[in-house]
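I opened a new notebook page for this structure. My plan was to look up how the strands are arranged, then what surrounds the ligand.

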Amino acid sequence: MIDGFGRKINYLRLSVTDRCNLKCYYCSNSETLAYLTHNDILTYEECLSLIRLTDSLGVNKVRLTGGEPFARKDFTEFLGLLRSELPDLDIRVTTNGTLLEGRVRLLHDIGIRWLNISLDTLNREKYGRITGRDYFTRVRQAIDDCLEAGIKVKINCVALNGFNDGELVDFVHFAQKNPVDVRFIEFMPVGEGSAWGEQYFWSAEKILADVQRIAAVAPVDHESENHGPARMYSLVEGRGRIGLISPLSNHFCATCNRFRITPDGKLRTCLFSDVEYDLMSPLRSSEGVEAVLKVMREAGAGKPIGHELLQAKRKCVSVCGRRMSSIGG
Ligand code: SAM
């Protein structure tokens with residue numbers, strides 16, 4: 001599927017739940033959030049149908065996300081089903097890594113070869129402060145278990161000035177010791193009542209300069225490996241790599257190849273735009289898959305060229321209503 005600006009849409013991010021077992025203050029910072037009801041969430045069968053349809057339109061990579069995908073019942077079994085139904089599809093998962101105990105070997109057997117694990121700090125006490133939960137040791141163990149099982153790990157770390165900038169040296173040492181990609185993501189003003197503020201912003205350029213004061217790095221050739229929007233740097237002395245994702249300071253809209261589907265079956269063609277296309281109603285109606293395909297094609301044709309993030313940053317307002325946990329990131 002080619003959109004109105006010539007971009008090929010071949011990557012789907014599907015969020016299987018809006019629920020998360022963490023309460024990160026910048027993402028779903030309230031204990032009293034209203035969640036979708038059982039009926040309003042795509043069933044696994046419906047998720048599978050939508051993935052099959054996007055596959056028929058040329059999507060060859062799907063990322064399952066949430067909320068916390070492993071917090072949804074039978075998620076690992078769903079991955080197995082997806083793998084058997086669509087053996088050629090590149091299946092990825094983004095998780096907070098807190099619920100992986102006892103599942104890692106199975107994930108490897110299913111054919112999961114990469115996991116993105118979110119971790120904003122390497123300090124247990126700070127982890128508790130940012131997530132509201134004392135699960136740091138679980139996540140550290142999950143990273144080790146994945147590496148031992150042969151699953152490659154990308155650590156996603158939201159760059160928060162004043163919170164984890166002082167830990168850069170620890171993250172660099174961590175990546176020197178372990179064969180992982182540590183990727184810093186600029187904090188984005190997403191979601192109604194977002195905790196975003198100029199004071200927290202730590203730009204990718206500044207992070208790179210800070211990294212270079214700690215260790216020698218060499219840019220990774222992007223032609224040879226597909227890293228999506230991340231700019232990757234290998235550590236000259238070390239086993240892992242450092243990555244930078246800069247949605248604000250140097251956005252990648254011109255090469256955006258993504259569709260996102262929310263847990264309630266809304267298709268979003270831009271993370272930051274609240275324009276949504278309802279897929280659940282046609283899917284549940286007698287019109288069936290043809291009607292869904294029609295909506296997907298219309299959405300593809302209407303995918304916007306870019307977003308107004310920088311403007312929002314200046315005004316210090318959020319760019320879209322939904323929280324990241326109900327879109328999937
Ligand atoms: N629960 C899973 C996890 O923790 O990876 C998947 C969903 S979570 C919403 C996906 C990612 O979005 C996490 O790495 C989280 O830190 C990141 N995120 C949430 N809000 C963000 C924001 N405002 N700016 C940048 N990243 C954000």
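I began with one pair: Arg63 has Arg92, in strand 3, as its bridge partner. I noted that the model is predicted, with local features needing pLDDT of at least 70, side-chain atom pairs counting only at pLDDT 80 or more, and totals for chains, interfaces and linings using all residues. Residues are numbered from 1 along each chain as its sequence is written, and side-chain values use heavy atoms, with hydrogens and water left out.

**Entry: the sheet**

I looked up strands 2 and 3 next. Strand 2 (residues 61-65) runs parallel to strand 3 (residues 90-95), with four bridges. For my terms, helices (H or I, at least four residues) and strands (E, at least two) are DSSP runs, numbered from the N terminus. Two strands pair if DSSP finds at least two bridges between them.

Then I asked in what order the strands of the open sheet lie. The order of its 12 strands is 7-8-9-6-5-4-3-2-1-10-11-12, and the pairing is mixed. Strand 7 (217-219) and strand 12 (276-278) are the edges, each pairing on one side only. On average, neighbouring strands are turned by 25 degrees against each other, direction ignored. Helix 1 (residues 44-56) packs on the sheet and touches strand 1 (11-15), strand 2 and strand 10 (258-261). Contact here means heavy atoms within 4.5 Å. The direction of helix 1 makes about 170 degrees with that of strand 1. Axes are lines fitted to C-alpha atoms, for helices over the stretch in contact, and angles run from 0 to 180 degrees between N-to-C directions.

**Entry: strands 7, 8 and 9**

Strand 7 and strand 8 (residues 231-235) run antiparallel, joined by three bridges. Pro219 is partnered by Tyr233 in strand 8. Strand 8 is also antiparallel to strand 9 (residues 241-245), over four bridges. There, Met232 has Gly243 as its partner. In the hairpin of strands 8 and 9, five residues lie between the strands, and Gly238 takes a positive phi near 160 degrees.

**Entry: the ligand**

Which residues come nearest to the ligand? Of the 16 around it (a heavy atom within 4 Å), they are Tyr26, Gly67, Glu68, Ser118 and Met188. A side-chain N or O atom of Tyr26 is 2.8 Å from a ligand oxygen. A polar backbone atom of Gly67 is 2.8 Å from a ligand nitrogen. For Glu68, a polar side-chain atom lies 3.0 Å from a nitrogen atom of the ligand. Strand 3 and helix 11 (324-327) each supply at least two shell residues.

Definitions and conventions. A polar contact is a pair of N or O atoms within 3.5 Å; within protein, one must be able to donate a hydrogen and the other to accept it, and residues adjacent in sequence count only if both atoms are side-chain atoms.
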